[in-house]
Amino acid sequence: MVNVAILGFGVVGSGVAEVLAGHEDSIARKADGLIQLKYILDVREFPGSPFAECFVKDFAVIEQDPEVDIVVETIGGADMALDFTRRALAAGKNVVTSNKELVATHGYELTQLAMEKGVCYLFEASVGGGIPIIRPLSQCLAANEILEIYGILNGTTNYILTRMIRGGLSFETALKEAQDNGYAERDPSADVEGHDACRKICILAAIAFGRHIYPDQVPTEGITGITLADVDYADGVGKKIKLLGRAIRRKDGTVCAYVAPHLVDSNDPLSGVEDVFNAISVQGDAIGDVMFYGRGAGKLPTASAVVADVIDVAKNMGHRKAMCWEPGGKDAVRGTDQLASHWYVRAGVAAETLRAALGGKLLARRGSGEGEAACITNESLTRVELDEKIAGLNPLSVIRVLN
Ligand code: HSE
């Protein structure tokens with residue numbers, strides 16, 4: 001018998017309890033033994049809950065109970081969750097989490113602590129919700145040198161962009177709709193400003209490239225500046241605007257990682273990834289390109305990944321090696337300064353002025369006004385080179401074109 005404690009009975013925590021209870025027999029078969037939910041830590045009351053006898057309010061009860069083998073941390077954030085995770089690992093308990101903020105900021109320290117204590121710290125659910133990506137990247141693709149990872153890592157922003165592209169909604173209206181549907185938080189900044197995608201690309205980069213990459217080392221731009229004019233100009237040349245997280249391994253071993261909107265061609269499978277779905281493309285030197293697609297958020301998809309980690313720990317109790325990577329540092333990361341690409345530029349100037357400056361293909365959209373033009377550059381340019389060319393042209397929008 002393996003005993004589990006869940007920290008935080010929110011959307012994901014309650015999903016984990018439901019999946020554990022609802023699939024008890026099949027999980028027991030796969031885990032080679034019964035997995036029992038012993039505690040749920042939450043300060044709130046849940047009268048009438050089928051898990052009523054499990055609730056506790058003091059973490060010390062879980063920490064000091066030698067029967068607790070696995071702690072599932074679904075509190076979120078990096079304050080209380082960090083304290084409880086450290087204490088659980090220090091007490092010799094395995095920890096499974098969906099908390100991307102904690103893994104992205106403290107993953108190195110926590111995996112080290114897990115190794116010292118001979119336990120596991122697993123976080124399949126921290127990237128891509130229910131999509132298997134952490135284990136495939138660290139195990140199934142282990143034979144490869146990973147060259148690049150990029151993808152749609154945030155469901156909320158993908159939903160907003162899809163509604164702008166397909167429904168013609170403004171950013172503000174699409175955001176309101178996402179909030180009404182329960183996808184976006186009341187404070188949507190972590191999603192729309194790209195921080196959630198940033199944390200996820202940091203985790204993927206650490207696993208793929210072997211050093212910790214901190215969120216504050218990753219230039220991050222969200223979708224708050226995207227307008228319907230940009231969506232329409234992109235549509236005119238068969239492209240869609242998608243928020244991508246991207247991490248590229250450079251020849252010198254450093255990593256170029258960033259989050260930004262991109263124009264993605266309709267031939268690229270990412271352009272067909274809509275609504276709250278996520279997709280992650282990995283390029284390995286032996287396998288070539290491989291893509292992972294599915295529900296990147298939500299109660300049961302995320303619980304699916306958490307419970308899979310619980311089963312993995314239970315089945316390999318005391319034997320499973322902790323995942324780990326090297327510490328981060330300034331020398332691990334290079335900025336995007338040297339990353340050349342074609343660019344979409346919308347500027348408050350006459351079309352001929354923009355064409356003369358950039359020499360690119362002029363774009364058209366319905367109802368475009370006088371004194372506004374957009375183009376995609378002919379040349380592949382670094383951002384510094386582009387900025388030199390568009391200085392004084394009143395740029396209104398500048399978006400990287402994906403390869
Ligand atoms: N807010 C996140 C998203 C949830 O929209 O993708 C999953 O991390």
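# Exercises on a predicted model

Asp-309 lies in helix α12 (residues 299-315). Helices (H or I, at least four residues) and strands (E, at least two) are DSSP runs, numbered from the N terminus. This is a predicted model: local features need pLDDT of at least 70, side-chain atom pairs count only at pLDDT 80 or more, and totals for chains, interfaces and linings use all residues. Residues are numbered from 1 along each chain as its sequence is written, and side-chain values use heavy atoms, with hydrogens and water left out.

## Exercise 1

Decide whether Asp-309 is buried or exposed, and find the side chain it contacts.

Solution. Start with the cut-offs: buried means under 20% relative accessible area, exposed over 50%, and partly exposed in between (1.4 Å probe, protein chains only). Asp-309 has a relative accessible area of 1%, so it is buried. Next, look for a partner. The side chain of Asp-309 makes a polar contact of 2.5 Å with that of Arg-135. A polar contact is a pair of N or O atoms within 3.5 Å; within protein, one must be able to donate a hydrogen and the other to accept it, and residues adjacent in sequence count only if both atoms are side-chain atoms.

## Exercise 2

Do the same for Ser-397.

Solution. Place the residue: Ser-397 is in strand β16 (residues 395-401). Its relative accessibility is 8%, so Ser-397 counts as buried. Its side chain is joined to that of Asp-230 by a polar contact of 3.2 Å.

## Exercise 3

Describe the surroundings of the ligand.

Solution. List the shell. Lys-100, Asn-154, Gly-155, Thr-156, Asp-191, Asp-196, Lys-200, Gly-296 and Ala-297 surround the ligand. A residue counts as near if one of its heavy atoms lies within 4 Å of the molecule.

Now take the polar atoms. A side-chain N or O atom of Lys-100 is 2.7 Å from an oxygen atom of the ligand. For Lys-200, a polar side-chain atom lies 2.7 Å from a ligand oxygen. For Asn-154, the distance from a polar side-chain atom to a ligand oxygen is 3.5 Å.

Then check the cover. Alone, the ligand exposes 260 Å², and the protein buries 82% of that. These areas come from the Shrake-Rupley method with a 1.4 Å probe; for residues, only the protein chains shown count as cover.

Finish with the elements. Two or more shell residues come from each of α7 (155-167) and α10 (195-209).

## Exercise 4

How many disulfides does the structure hold, and where does Cys-140 stand?

Solution. Apply the test: a disulfide is a pair of cysteine sulfur atoms within 2.5 Å. The structure holds zero disulfides. Cys-140 is in none, and the nearest cysteine sulfur, that of Cys-120, is 16 Å away. Cys-140 is exposed, at 62% relative accessible area. Cys-324 is also in no disulfide; its nearest cysteine sulfur, that of Cys-120, is 11 Å away. Cys-324 is partly exposed, at 41% relative accessibility.

## Exercise 5

Examine phi and exposure at Asp-32 and Asp-275.

Solution. Take Asp-32, in the loop between α2 (24-31) and β2 (35-41). Its phi is near 60 degrees, a positive value in a residue other than glycine. Asp-32 is exposed, with a relative accessible area of 58%. Turn to Asp-275, in the loop between β9 (255-265) and β10 (277-284). Phi of Asp-275 is near 55 degrees, again positive in a non-glycine residue. Asp-275 is partly exposed, at 33%.
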